[in-house]
Amino acid sequence: MTIKLPLHSRITGTGSFLPPNRVSNAALAERLAADGIETSDEWIVERTGIRFRHFAADGVTCSDLGFEAAKRALAAADCDPQALDLIIVATSTPDMVFPSAACMVQQKLGVHGCAAFDLQAVCSGFVYALSVADAMIKVGTASKALIIGSEVFSRILDFKDRTTCVLFGDGAGAVVLEASETPGILASELHADGRYVDILCVPGTVAGGHVLGDPLLKMDGPAVFKLAVSVLDGVARSVLAKAGRSEADIDWLIPHQANIRIMQSTARKLKLAPHKLIATVDRHGNTSAASIPLALDDAVRAGTIRPGDTVMLEAVGGGFTWGAALLDL
Ligand code: UT7
């Protein structure tokens with residue numbers, strides 16, 4: 001007997017959710033000024049392109065945001081949650097040390113039994129999760145996967161460190177990925193280099209009933225910036241080669257939304273017209289693993305990205321991790 005494996009996996013629906021509290025640069029600057037910390041709308045916009053970010057209310061968790069995004073993605077895919085056989089949540093800010101936010105999303109969706117786990121690759125998490133789910137579908141381990149990027153980075157920000165706290169926000173994005181006769185995910189590639197653990201990390205942990213070390217985010221911004229620019233172009237080109245496509249085939253580039261200068265630099269290196277760059281960093285800030293699915297859903301719902309378009313996703317993050325995926329929507 002021969003088992004027929006699906007040749008492809010394809011995104012059939014997207015969804016996202018932002019907590020309602022939208023904080024402008026001016027409002028954040030005012031909050032920091034109360035602690036004697038100086039920043040300004042001008043500095044933040046000029047160096048990063050960020051104008052707003054959303055912060056979750058006290059008590060709202062990663063799985064709460066992920067659940068909202070998931071409901072929207074499932075509705076868009078016309079997919080009954082009972083049919084899911086895989087849930088992956090990409091996050092660095094889960095509700096608890098364990099169990100996973102994915103198990104909590106599963107419970108909130110009212111489905112039981114399917115595989116559910118969190119994936120931790122910081123800002124590259126969504127590209128990692130998409131690539132893992134694609135592989136699981138292609139080997140026949142899953143056929144309908146819910147992939148979520150969800151973060152409450154506001155919980156790990158040091159509001160006394162102006163070099164990091166102005167950059168990040170909270171939110172969630174999700175896609176439904178299904179086994180398909182027609183191509184969807186064309187190629188993907190993942191990388192990590194643990195020599196750079198220290199340049200972007202939350203060095204604390206929980207032990208003996210206490211927090212050990214510092215539980216707030218630390219980043220050497222300029223070092224991350226340099227590494228990001230140097231790896232993103234290479235991984236995007238490698239994925240294009242694997243898929244047998246060229247730069248000219250890319251309709252839309254959705255990079256991890258960290259800094260508009262990094263995003264524009266990668267678009268230029270790929271010789272893409274500026275309008276092909278999908279940017280939500282101005283409205284969302286850096287939402288880590290949520291940034292790419294948030295931007296994807298935003299562009300799909302705006303009618304900018306349409307069925308059949310070819311989209312390049314690329315991300316970098318703590319670890320140091322990076323990766324890219326090329327897909328036909
Ligand atoms: O999501 C994971 C990936 N993360 C990233 O991709 C982040 C990558 N890095 C970056 O986006 C940029 O490096 C930053 C936005 C973090 C910083 O921009 P930069 O152009 O590299 O600035 P810088 O760190 O070299 O700082 C320039 C100046 C410094 O002052 P001096 O030393 O020149 O007097 C900083 O102290 O800007 C100062 N500064 C600020 N001033 C006002 C740093 N943060 C602020 C601030 N407001 N919030």
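These are my notebook entries on the ligand site, helix H10 and two single residues.

**Entry 1: the model.** I am working from a predicted model. I keep that in mind for each value below.

**Entry 2: the ligand's neighbours.** I began with the ligand. Which residues come nearest to the ligand? I found 22 residues around it, and the nearest are Thr39, Arg47, Arg162, Asn259 and Asn286. By class, I noted eleven nonpolar, seven polar and four charged residues in this shell.

**Entry 3: polar contacts.** Next I looked up distances to side chains. Thr39 places a polar side-chain atom 2.7 Å from a nitrogen atom of the ligand. In Trp43, an N or O atom of the side chain is 3.1 Å from an oxygen atom of the ligand. For Arg261, I read 3.0 Å between a polar side-chain atom and a ligand oxygen atom. I then checked the cover: the ligand taken alone exposes 960 Å², and the protein buries 73% of that.

**Entry 4: where the ligand sits.** I looked up the pocket. The ligand sits in the second largest one. Which helices each supply at least two residues of the shell? I listed H2 (41-48), H6 (162-165), H7 (221-243) and H8 (260-269). The largest share comes from H7, with four residues.

**Entry 5: helix H10.** I moved on to residues 291-301, which form helix H10. Is H10 largely enclosed or not, and why? Eight of its eleven residues are buried, so the rest of the structure largely encloses this helix. I wrote down the buried ones: Ser291, Ile292, Pro293, Leu294, Ala295, Leu296, Asp297 and Ala299. After H10 comes Gly303, and its phi is positive, near 80°.

**Entry 6: Thr287.** I looked just before H10. Thr287 lies in the loop between helix H9 (281-284) and H10. Is Thr287 buried or exposed? Its relative accessible area is 0%, so I marked Thr287 as buried. A polar atom of the Thr287 side chain lies 3.0 Å from the backbone nitrogen of Ser291. Ser291 is itself among the buried residues of H10.

**Entry 7: Cys103.** Last, I looked up a cysteine. Cys103 lies in helix H4, residues 101-109. I read a relative accessible area of 33% for Cys103, so this residue counts as partly exposed. How far is Cys103 from Arg261, C-alpha to C-alpha? I found 37 Å, with the two positions 158 residues apart along the chain. Arg261 is the residue I noted earlier for its 3.0 Å contact with a ligand oxygen atom.

Terms used:
Residues are numbered from 1 along each chain as its sequence is written. This is a predicted model: local features need pLDDT of at least 70, side-chain atom pairs count only at pLDDT 80 or more; totals for chains, interfaces and linings use all residues. Side-chain values use heavy atoms; hydrogens and water are left out. A residue is near a molecule or strand if one of its heavy atoms lies within 4 Å of it. A polar contact is a pair of N or O atoms within 3.5 Å; within protein, one must be able to donate a hydrogen and the other to accept it, and residues adjacent in sequence count only if both atoms are side-chain atoms. Accessible areas come from the Shrake-Rupley method with a 1.4 Å probe; for residues, only the protein chains shown count as cover. On a 1 Å grid over the protein atoms alone, a cavity is a set of points where a 1.4 Å probe fits but cannot get out, and a pocket is an open set with protein on both sides within 12 Å along at least five of seven lines; lining residues have an atom within 4 Å of a point. A molecule sits in a cavity or pocket if more than half of its atoms lie within 2 Å of its grid points. Ala, Val, Leu, Ile, Met, Phe, Trp, Tyr, Cys and Pro count as nonpolar, Asp, Glu, Lys and Arg as charged, and the others, Gly among them, as polar. Buried means under 20% relative accessible area, exposed over 50%, partly exposed in between (1.4 Å probe, protein chains only).
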